[in-house]
Every structure is written in structure tokens, then in C-alpha cells.
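Student: Hi! I have a new structure open and I'd like to talk it through with you. Can we look at it together?

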Amino acid sequence: MNAKISKLFILIVFLQGLHSIEEYIGKLWESLPPAAFLCGLVSNDLETGFLIINIGLFVVGVLLWVLVVRRSKPYAKYIVSVWIIIELVNGFGHPIWSLMRQSYTPGVITAPFLLITALLLIKQLRNSI
């Protein structure tokens with residue numbers, strides 16, 4: 001791990017936090033069945049489930065940065081890689097969903113920032129190998 005990867009990782013965690021706020025404002029759990037399903041696994045109240053999942057994701061991301069990525073633990077590249085996959089799904093999925101619906105969908109504004117940061121992380125990971 002290098003300093004660029006560490007900085008990009010904490011950036012993508014905070015971008016994910018902003019993304020979650022956009023999704024919350026847009027009530028993602030009301031318009032995307034997979035989101036409703038996941039939220040329902042956590043709570044009978046889908047809004048509460050959404051908050052638990054997304055606050056948890058943010059906290060886990062910060063903890064992973066503090067305890068693993070920033071300290072360049074040997075398994076940090078795997079943690080970063082999993083996070084990249086999550087953000088590639090967000091980065092591609094939201095715009096595709098909006099195009100299919102031909103309208104705004106919760107998360108589409110912040111999705112490109114997640115995609116760009118994920119691609120930059122991929123480039124940095126490749127350069128560090």
C-alpha cells in the first residue's frame with residue numbers, strides 16, 4: 001500500500017457516505033427492490049434498515065482505513081479490492097438504472113464520483129504490484 005491508495009480509499013469511503021445520503025434523501029428503499037430486500041433483512045422498517053446498513057458501511061470503511069489500509073497490512077489490497085467492486089457496481093449500476101427509467105434515480109448524482117475513484121484505485125493498485 002502506498003500513500004495514494006490510502007488517500008483514495010478514505011476518499012471513496014467518504015464519497016460512499018455522500019452517496020448514501022443522496023440515496024436516503026431519495027428514499028432508495030422505496031424504488032429499488034433489491035435495496036428494499038436488504039433493508040428488510042435488517043429491520044421491519046425499511047428506512048431504519050437502510051440507515052443501519054449505510055451507517056454501518058461508513059463506520060466499517062473508516063475502521064478498515066484506520067486499522068488496515070493506512071497501516072499497510074498485508075491483506076489491505078484485498079480489502080481495497082472488495083471496496084472497489086462495491087463502488088464499481090454503484091458507479092455503473094445507478095446510471096444504467098437511470099437510463100432504463102429515463103429519469104433520476106436515488107444515487108445517480110454521486111455514482112460517477114464513486115466510479116472515477118474506484119478506477120483510480122485500480123490504477124494505483126496495479127502500479128503498486
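Student: Which residues touch the most other members in the largest nonpolar core?

Tutor: This is a predicted model, so keep that in mind as we go. The largest nonpolar core has 16 residues, and those touching the most other members are Phe-9, Ile-12, Val-80, Ile-84 and Leu-121.

Student: Which helices supply at least two residues each of this core?

Tutor: H1, H4, H5 and H6 each do. H1 gives the most to this core, with seven residues.

Student: Is there another core, and what is in it? Or rather, which residues are among its members?

Tutor: Another core, of six residues, lies apart from the largest one, and its members include Leu-28, Trp-29, Cys-39 and Trp-97.

Student: Back to Ile-12. What is Ile-12 in contact with, leaving aside neighbours within four places in sequence?

Tutor: Ile-12 is in contact with Trp-83, Glu-87, Leu-114, Thr-117, Ala-118 and Leu-121.

Student: Thr-117 caught my eye there. Where is Thr-117 found?

Tutor: Thr-117 sits in helix H6, which covers residues 111-128.

Student: Is Thr-117 buried or exposed?

Tutor: Buried, because its relative accessible area is 5%, and the cut-off for buried is under 20%.

Student: And what does Thr-117 touch, not counting residues up to four places away in sequence?

Tutor: Thr-117 touches Leu-8, Leu-11, Ile-12 and Leu-15.

Student: New topic: pockets. How much space lies in the largest pocket?

Tutor: About 480 Å³. In general, rolling a probe the size of a water molecule over the atoms shows where empty space is left.

Student: How many residues line the largest pocket, and which lie nearest its centre?

Tutor: The lining has 19 residues, and Glu-23, Leu-28, Ala-35, Leu-38 and Asn-90 lie nearest the centre of the pocket. By type, the lining residues divide into 12 nonpolar, six polar and one charged.

Student: Which helices supply at least two residues each of that lining?

Tutor: Helix H1 (3-25), helix H3 (33-42), helix H4 (46-69) and helix H5 (76-101) each do. The largest share comes from H5, with six residues.

Student: Let's switch to the backbone. What is the phi of Lys-27?

Tutor: Lys-27 has a positive phi of about 55°, although it is not a glycine. You'll find Lys-27 in the loop between H1 and helix H2 (28-31).

Student: How does Lys-27 count for exposure?

Tutor: Lys-27 counts as partly exposed, because its relative accessibility is 40%, and partly exposed covers the range between under 20% and over 50%.

Student: And what about the phi of Gln-102?

Tutor: Gln-102 has a positive phi near 55°, and this residue is also other than glycine. Gln-102 is placed in the loop between H5 and H6. Gln-102 is exposed, with a relative accessible area of 73%.

Student: Zooming out, how many helices and strands does the protein chain have?

Tutor: The protein chain has six helices and zero strands. Its radius of gyration is 15 Å, close to the 14 Å that the globule rule gives for 129 residues, so the chain is as compact as a globular protein of that length.

Student: What box do the C-alpha atoms fill?

Tutor: Taken along the principal axes, the box is roughly 40 × 30 × 20 Å.

Student: Last one: what share of the 129 residues is buried?

Tutor: Buried residues make up 38% of them. As for contacts with a separation of 6 or more, 69% are between residues 24 or more positions apart.

Notes. Residues numbered from 1 in each chain as written. Predicted model: local features only at pLDDT ≥ 70, side-chain atom pairs only at ≥ 80, totals over all residues. Heavy atoms only, no water. Helix = DSSP H or I, 4+ residues; strand = E, 2+ residues; numbered from the N terminus. Buried < 20%, exposed > 50% of the residue type's maximum accessible area, 1.4 Å probe, protein only. Contact = heavy atoms within 4.5 Å. 1 Å grid on protein atoms, 1.4 Å probe; cavity = no way out; pocket = protein on both sides within 12 Å on 5 of 7 lines; lining within 4 Å. Points joined across faces, edges and corners; volume = space filled by probe spheres on them. Nonpolar A, V, L, I, M, F, W, Y, C, P; charged D, E, K, R; others polar. Core = buried A, V, L, I, M, F, W, Y, C linked by side-chain atoms within 4.5 Å. Rg over C-alpha atoms; globule rule 2.2 N^0.38 Å.
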